[in-house]
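Got your viewer open? Let's take a walk through this structure, one selection at a time.

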Amino acid sequence: MPTTKKKSKKKHGKGSASGSGPGSASAALDADWEVAPTESLRVRAGFDLASFDRGSTPGFTGDKAAGQALVARHADELSELQERLFAEGRSGGSRSVLLVLQGMDTAGKGGIVRHVVGLVDPQGVAHRSFGVPTPEERKHHFLWRIRRALPEPGYIGVFDRSHYEDVLVGRVDALAPPEVLEKRYDEINRFEEKVVASGTTIVKLALLVSYEEQRARLMERLERPDKFWKYNPNDVDSRQKWPAYQEAYQAVLDRTSTETAPWHVVPADRKWFARLAVSELLLDALRRLDLGWPPADFDIEVEKKRLAAT
């Protein structure tokens, strides 16, 4: 079982990446970011999941208050860029963004949807959760249901769990033969290359909660009546397979973090930092699209005169 540090004050988690090139920030860093999250959280060759400090704040030197303030400060920009993307899609554009949230139970995926994705206009968001495949989905290739859920032009798509379930749960619970599972990593890479080529920017986030923190969050659900609805006895069953899940996540990060669609690992023990990191990574993806407002496809002066005459 991997060991992790609880609520460490260390600012840079082991295994976090650094450097320049694809993924570097496209806007000036806020003073509290020593290294942009596109770099400090990016998975590169040699990343070691077992030594990653899940209570750290890689690249960020500020405290909780500073992190929350930064999310609030960037909220308007995030919202405007999302509106520009939506407007572009309504005007014949082909671009979209796909936010992939992957993590163990209690890692905070729902909180990310509420507190980060909730900062933008919901009409431009397409949210989808992927649980156990339905009988209909089982009749098809494992990517069939994923293709049907991809965001349309102009949308931010959010996958709460994703196609990676088929090489995570599928591997841990041996839901397919090893030779079939082995082929899926390359299938996923080819699939994501096609998705990106079609105009979708993929932002893949592995939310990493520690074994100790997960226990505390599950216990809280059992001790608070307002949290009972969030508790699932199956969560404990999955927890008992923790080492196998860590191996499965390591394989995913090793095999599917590509130049086209890199993984970013987000320490999730501090909820405020996880939400900050995701908001910054989503903002960076939108900034990189260099979005403008669609030009008018009508004669503005003529329409002014027509309107004035009514």
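## Stop one: a loop residue

Start by selecting R42, which is in the loop between α1 (37-40) and α2 (64-90). One thing to keep in mind as you click around: this is a predicted model. Is R42 buried or exposed? It counts as buried, because its relative accessibility is 4%, and the cut-off for buried is under 20%. Now add A244 to your selection and draw a line between the two C-alpha atoms. R42 and A244 are 202 residues apart along the chain, and their C-alpha atoms are separated by 23 Å.

## Stop two: a glycine in a helix

Next, click on G67, which belongs to helix α2. G67 is buried too, with a relative accessible area of 0%. What does G67 touch, leaving out residues up to four places away in sequence? The answer is F60, W272 and L276, so show their side chains. Then select A277: from G67 to A277 is 210 residues in sequence, but 9.0 Å in space, C-alpha to C-alpha.

## Stop three: the sheet

Switch to the cartoon view and look for the strands. There's an open sheet of five strands, paired in parallel, and the order to trace is β2-β3-β1-β4-β5. Which strands stand at the edges? They are β2 and β5 (263-267), each with a single partner strand, so one side of each has no neighbour in the sheet. Tilt the view to look for the twist, which averages 20° from one strand to the next.

Now go across the sheet pair by pair:

- Select β2 (residues 125-129) and β3: they pair in the parallel sense over five bridges. Within this pair, S129 stands opposite D160 in β3.
- Select β1 (residues 96-103) with β3: again the pairing is parallel, over five bridges. Here V100 is opposite F159 in β3.
- Keep β1 and add β4 (residues 200-208): eight bridges join these parallel strands. V100 turns up here as well, standing opposite K204 in β4.
- Finish with β4 and β5, a parallel pair with five bridges. Look for L205 opposite H264 in β5.

## Stop four: both faces of a strand

Before you zoom in, here's a handy idea: in a regular strand, side chains alternate between the two faces of the sheet. Try this on β3 (residues 156-160), where five of five residues are buried. On one side, colour I156, V158 and D160; on the other, colour G157 and F159. Both faces of β3 are covered.

Then do the same for β5. Five of its five residues are buried, so β5 is largely enclosed by the rest of the structure. W263, V265 and P267 sit on one side and H264 and V266 on the other, with both faces covered.

## Last stop: two crossing helices

Two packed helices are described by the angle and the distance between their axes. Select α7 (residues 178-197) and α10 (residues 242-256): their axes come within 10 Å and cross at roughly 45°. That angle makes α7 oblique to α10, and the crossing is right-handed.

Which residues make the contact? From α7, show E182, Y185, D186, I188, N189 and E192; from α10, show A251, V252, R255 and T256. Colour them by type and you'll find four nonpolar, two polar and four charged residues in this contact.

Note on methods. Residues numbered from 1 in each chain as written. Predicted model: local features only at pLDDT ≥ 70, side-chain atom pairs only at ≥ 80, totals over all residues. Heavy atoms only, no water. Axes fitted to C-alpha atoms, helices over the stretch in contact; angles between N-to-C directions. Helix = DSSP H or I, 4+ residues; strand = E, 2+ residues; numbered from the N terminus. Parallel < 35°, antiparallel > 145°, perpendicular 65-115°, else oblique. Left-handed = near helix turned anticlockwise from the far one by under 90°. Contact = heavy atoms within 4.5 Å. Nonpolar A, V, L, I, M, F, W, Y, C, P; charged D, E, K, R; others polar. Buried < 20%, exposed > 50% of the residue type's maximum accessible area, 1.4 Å probe, protein only. Pairing = 2+ DSSP bridges.
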